[in-house]
Amino acid sequence: MFGKLLKNDLKAQWHSMSVVLLCTFIVAVVAEIFTLTSDNKIITVMGGLLVSLALGFACVIIIIAVAMMFSKTMFGRAGYLTLTLPVKTGSLLASKTLSSLIWVFVVYALFLGSLFLWVFQVKDALGEEVMESAESLLKLFGVPSFLTIFMGVISFCVSLAVLVLVAVQSLQLGLTLSHVSPISKFGNIGVIIIFFGLFAVIQSASNAIADLLPWGLVITPDVIKFTSDIHSTKVALGINAMGINIVGSLVRLAIAIGLHYPTKYLIQHKVNIK
């Protein structure tokens, strides 16, 4: 049954999401073709950056789009039909969340892919000697080498995915609360305040716990080491070491999953559908 819910949600959302995806695709492809066919190194570098900026902007737009779709199908006119379906509220909400994440992650994957492509375009345009000089300059300022940074990109992608989940769950809770009295009288302003307030609280709490529990990975071009004290391990391994605290992301993930339950309760017992 959940599979059918997810399939129908994706089909219903496609009409709105296809416009965002099509516009993003056209801008990215045109800019990328212009970049790849140009002999000017500056244009090559700037063109690749333009593609990444366009996809970065699309990441913001897609978050807004999935929030609007959630509000429309759960609390708008379609909400009367949605909430009378013979399925559990938890399954209904999980389907809305997963379908939203699928659309968001598609755009974010394109954005991250464009960043990787841009890095290689810059490397090809500037040449190996310039890149080696830049790497030496980074080391002088205590910044890890390009190889170490590249190894840490995987961790960044995972952290970003968790942040996206937190954002989607926070938006859904904010939209749900905006249809509960007396918060409903504040309208969209209430949604914005709740979203940013909740997101800030989650970030602050997870960062505070991460500071208390400095567990994670320390990465160098030659070593990947798990440690319970990132700072001390970084000092021991030297200037090229990069520390990655995994506690913050785990806490954010747990909180994001936990936000499903108050949203579910409010939809079942407190929501006023317009």
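Four helices, α2 (41-75), α4 (89-126), α6 (146-177) and α7 (187-212), each put at least two residues into the lining of the second largest pocket. Helices here are DSSP runs of H or I with at least four residues, numbered from the N terminus. The biggest share of that lining, eight residues, belongs to α2. A pocket is an open set of points on a 1 Å grid over the protein atoms alone, where a 1.4 Å probe fits, with protein on both sides within 12 Å along at least five of seven lines; lining residues have an atom within 4 Å of a point.

This pocket holds about 530 Å³ of space, taken as the space filled by probe spheres set on the points, which are joined across faces, edges and corners. Of its 22 lining residues, Ile 63, Ile 64, Ala 67, Leu 171 and Phe 195 sit closest to the centre. The lining breaks down into 19 nonpolar, three polar and no charged residues.

All of this comes from a predicted model, where local features need pLDDT of at least 70, side-chain atom pairs count only at pLDDT 80 or more, and totals for chains, interfaces and linings use all residues. Residues are numbered from 1 along each chain as its sequence is written, and side-chain values use heavy atoms, with hydrogens and water left out. Mean pLDDT (the predictor's confidence in each residue, from 0 to 100) is 78 for the protein chain, with 77% of residues at 70 or more.

As for α10 (residues 260-269), its buried residues (under 20% relative accessible area, 1.4 Å probe, protein chains only) are His 260, Thr 263, Leu 266 and Ile 267. Seen down the axis of α10, these fall within an arc of 135 degrees, so they line one face of the helix. The face turned away from the buried side carries Tyr 261 and His 269, both exposed (over 50%).

Terms used:
The arc is that of the directions from the helix axis to the C-beta atoms. Ala, Val, Leu, Ile, Met, Phe, Trp, Tyr, Cys and Pro count as nonpolar, Asp, Glu, Lys and Arg as charged, and the others, Gly among them, as polar.
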